[in-house]
Amino acid sequence: MTDCIFCKIATKEIPATVVYEDGEMLCFKDINPAAPVHLLLVPKEHFDSLAHAQPEHEPLLGKMMMKVPKIAEAAGLAGGFKTQINTGKGGGQEVFHLHIHILGRPV
Ligand code: AMP
Ligand code: ZN
């Protein structure tokens with residue numbers, strides 16, 4: 001999607017501090033952190049939100065969830081972290097490209 005900020009981060013049109021990347025997903029630092037560590041894990045494929053996920057996205061979503069603790073540990077959150085997925089305006093979503101917030105403070 002051409003006007004999507006997270007698609008542009010995924011294609012490196014917009015800079016971000018990337019902490020993890022593979023063929024299917026990208027994780028980068030949130031520009032306005034709500035915790036000492038605040039990362040966003042996004043699929044490279046655009047879909048608006050969890051409510052827009054299709055059956056073919058099920059393996060990708062599973063891979064992303066399995067990657068979260070590994071990324072969190074590498075970011076200093078081996079002691080624990082929070083995950084959050086905002087969905088739709090009613091869920092507080094502001095960027096309409098699915099993303100998983102990973103938040104925490106090193107302990
Ligand atoms: P949400 O409310 O779940 O849609 O969260 C969107 C998040 O994206 C917010 O925490 C923003 O701070 C973050 N954000 C917006 N633009 C950027 C950007 N260019 N780079 C990194 N994070 C961003
Ligand atoms: Zn997008």
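Trainee: Which residues form a nonpolar patch on the surface?

Mentor: Leu50, Met65 and Ile85 do, with about 240 Å² of accessible area together. Keep in mind that this is a predicted model.

Trainee: Where is Ile85 found, and how is its exposure read?

Mentor: Ile85 lies in the loop between β4 and β5. For exposure, use the relative accessible area: under 20% is buried, over 50% is exposed, and partly exposed is in between. Ile85 has 31%, so it is partly exposed.

Trainee: What is the strand order of the sheet?

Mentor: The sheet is open and has 5 strands, in the order β1-β2-β3-β5-β4. The pairing is antiparallel.

Trainee: Why is one side of β1 and of β4 left without a neighbour in the sheet?

Mentor: Look for strands with a single partner. β1 (18-21) and β4 (82-84) each have just one, because they stand at the edges. From one strand to the next, the twist averages 20 degrees.

Trainee: What packs on the sheet?

Mentor: Helix α2, residues 58-74, does. This helix touches β1, β2, β3 (37-43), β4 and β5 (100-104). Its direction makes about 155 degrees with that of β3.

Trainee: How many bridges join β1 to β2?

Mentor: Count the bridges, then find the residues that face each other. There are 3 between β1 and β2 (residues 25-29), and the two strands run antiparallel. Val18 stands opposite Phe28 in β2.

Trainee: How many bridges pair β2 and β3, and how many join β3 to β5?

Mentor: β2 and β3 pair over 5 bridges, in the antiparallel sense. Cys27 has Leu41 in β3 as its bridge partner. Another 5 bridges join β3 to β5, again antiparallel. There, Leu39 has Ile102 in β5 as its bridge partner.

Trainee: Is β3 mostly covered or uncovered, and which way do its residues point?

Mentor: Read a strand by its two faces. β3 is mostly covered, with 7 of its 7 residues buried. Val37, Leu39, Leu41 and Pro43 point one way. His38, Leu40 and Val42 point the other way.

Trainee: Now the backbone. What is phi of Lys12?

Mentor: The general idea comes first. Most residues other than glycine have a negative phi. Phi of Lys12 is near 70 degrees, a positive value in a residue other than glycine.

Trainee: Where is Lys12 found, and what is its relative accessible area?

Mentor: Lys12 sits in the loop between α1 (5-10) and β1. Its relative accessible area is 48%, so Lys12 is partly exposed.

Key
Residues numbered from 1 in each chain as written. Chains lettered and ligands numbered in written order. Predicted model: local features only at pLDDT ≥ 70, side-chain atom pairs only at ≥ 80, totals over all residues. Heavy atoms only, no water. Pairing = 2+ DSSP bridges. Helix = DSSP H or I, 4+ residues; strand = E, 2+ residues; numbered from the N terminus. Axes fitted to C-alpha atoms, helices over the stretch in contact; angles between N-to-C directions. Contact = heavy atoms within 4.5 Å. Patch = residues over 30% accessible without salt bridge, like charges linked within 9 Å, V, L, I, M, F, W, Y side chains within 5 Å. Areas by Shrake-Rupley, 256 points an atom, 1.4 Å probe, with all protein chains shown as cover. Salt bridge = Lys/Arg side-chain N within 4 Å of Asp/Glu carboxyl O. Buried < 20%, exposed > 50% of the residue type's maximum accessible area, 1.4 Å probe, protein only.
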